[in-house]
Amino acid sequence: ASPLFLQETQYYSEAARQEVRNILSVYKRCRNELYEGYVFGIGDKPNDRSWTGFQNHNLQTNTGYLLLFRELHNETKRHRMQLNFLADTKLRVTNLITEQQSTLKADNEGFVEFEIDRPADFLFLRYEVL
């Protein structure tokens with residue numbers, strides 16, 4: 001985390017503070033599971049135009065988390081990203097911010113298609129293999 005992000009909170013609007021509170025409460029609910037997984041960089045190298053992110057995978061439970069970013073100058077709302085350990089599997093995916101669930105299919109190379117409607121936005125997802 002950025003030290004300035006946490007040190008300069010007095011300058012945040014109340015709406016921004018509430019948004020941060022919501023994100024931190026989601027993180028606090030899953031942080032113990034996050035500590036048990038292995039973390040991998042996924043997607044493209046960040047360059048302000050890419051889809052990039054992190055995969056946290058627990059080899060024992062075959063579950064994990066995804067933090068995906070559609071960067072500010074990226075023009076595509078859908079993108080296929082290759083995930084580790086999940087080739088040719090069906091996944092139950094939960095958006096941890098909205099609590100919406102869906103089922104996604106990884107192809108035989110582990111690629112899964114994701115959608116982020118707006119540039120400079122993110123997804124924080126939990127998955128489990130079905």
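Two strands are said to pair if DSSP finds at least two bridges between them, and strands themselves are DSSP runs (E, at least two residues), just as helices are DSSP runs (H or I, at least four residues), with both numbered from the N terminus. With that in hand, select Trp51, which stands opposite Arg70 in E3.

Before going on, keep in mind that this is a predicted model, in which local features need pLDDT of at least 70 and side-chain atom pairs count only at pLDDT 80 or more, while totals for chains, interfaces and linings use all residues. Residues are numbered from 1 along each chain as its sequence is written, and side-chain values use heavy atoms, with hydrogens and water left out.

**The whole chain**

Show the protein as a cartoon and follow the chain from the N terminus: the elements run α-α-β-β-β-β-β-β-β-β, which comes to 2 helices and 8 strands. The radius of gyration, taken over C-alpha atoms, is 15 Å, close to the 14 Å of the globule rule (2.2 Å times the number of residues to the power 0.38) for 130 residues, so the protein is as compact as a globular protein of that length. Along the principal axes, the C-alpha trace spans about 50 × 35 × 25 Å. If you colour by accessibility, buried residues (under 20% relative accessible area, with exposed meaning over 50% and partly exposed in between, for a 1.4 Å probe and protein chains only) make up 31% of the 130 residues.

**The sheet and the helix across it**

Next, select the open sheet of 6 strands, whose order is E1-E2-E3-E8-E5-E6 and whose pairing is antiparallel. At its edges are E1 and strand E6 (101-105), each of which pairs on one side only. Neighbouring strands of this sheet are turned by 25 degrees against each other on average, direction ignored; the axes behind such angles are lines fitted to C-alpha atoms, for helices over the stretch in contact, and angles run from 0 to 180 degrees between N-to-C directions. Inside the sheet, strand E2 (residues 51-58) and E3 pair in the antiparallel sense over 8 bridges. Now add helix H2 (residues 14-35), which lies across E2, E3 and E8 and runs at about 35 degrees to E8.

**The nonpolar cores**

Which residues touch the most other members of the largest nonpolar core? Select Leu66, Leu68, Leu83, Leu91, Phe114 and Leu125, which have that role among its 16 residues; a nonpolar core is a set of buried Ala, Val, Leu, Ile, Met, Phe, Trp, Tyr and Cys residues joined through side-chain atoms within 4.5 Å. E3, E5, strand E7 (111-115) and E8 each supply at least two residues of this core, and E8 gives the most, with 3 residues. Centre the view on Phe114, whose contacts (heavy atoms within 4.5 Å) include Trp51, Leu66, Lys77, Met81, Leu104 and Leu125, not counting residues up to four places away in sequence. Apart from the largest core lies another, of 6 residues, among them Val26, Leu34, Tyr65 and Leu96.

**The aromatic pairs**

Show the rings of Phe, Tyr and Trp (its six-membered ring), which pair if their centres lie within 6.5 Å, with planes under 30 degrees apart counted as stacked, over 60 as edge-to-face and the rest as tilted. By this rule there are 2 aromatic pairs. In one of them, the rings of Phe40 and Phe85 have centres 5.6 Å apart and planes at 65 degrees, so the pair is edge-to-face. Phe40 lies in strand E1 (residues 38-43) and Phe85 in the loop between strand E4 (78-82) and strand E5 (90-95), so this pair ties together parts that are 45 residues apart in sequence. Phe40 is partly exposed at 25% relative accessibility, and Phe85 is partly exposed at 46%. Phe85 also has a positive phi of about 70 degrees although it is not a glycine.

Move on to Tyr65 and Phe124, an aromatic pair that is tilted, with 6.1 Å centre to centre and 35 degrees between the planes. Tyr65 is in strand E3 (residues 63-70) and Phe124 in strand E8 (residues 121-129), 59 residues apart, and both are buried.

**Two last stops**

Select Asn62 in the loop between E2 and E3, where this residue has a positive phi of about 55 degrees although it is not a glycine. Finish at Ser102 in strand E6, which is partly exposed at 34% relative accessibility and touches Leu91, Arg92 and Val93, not counting residues up to four places away in sequence.
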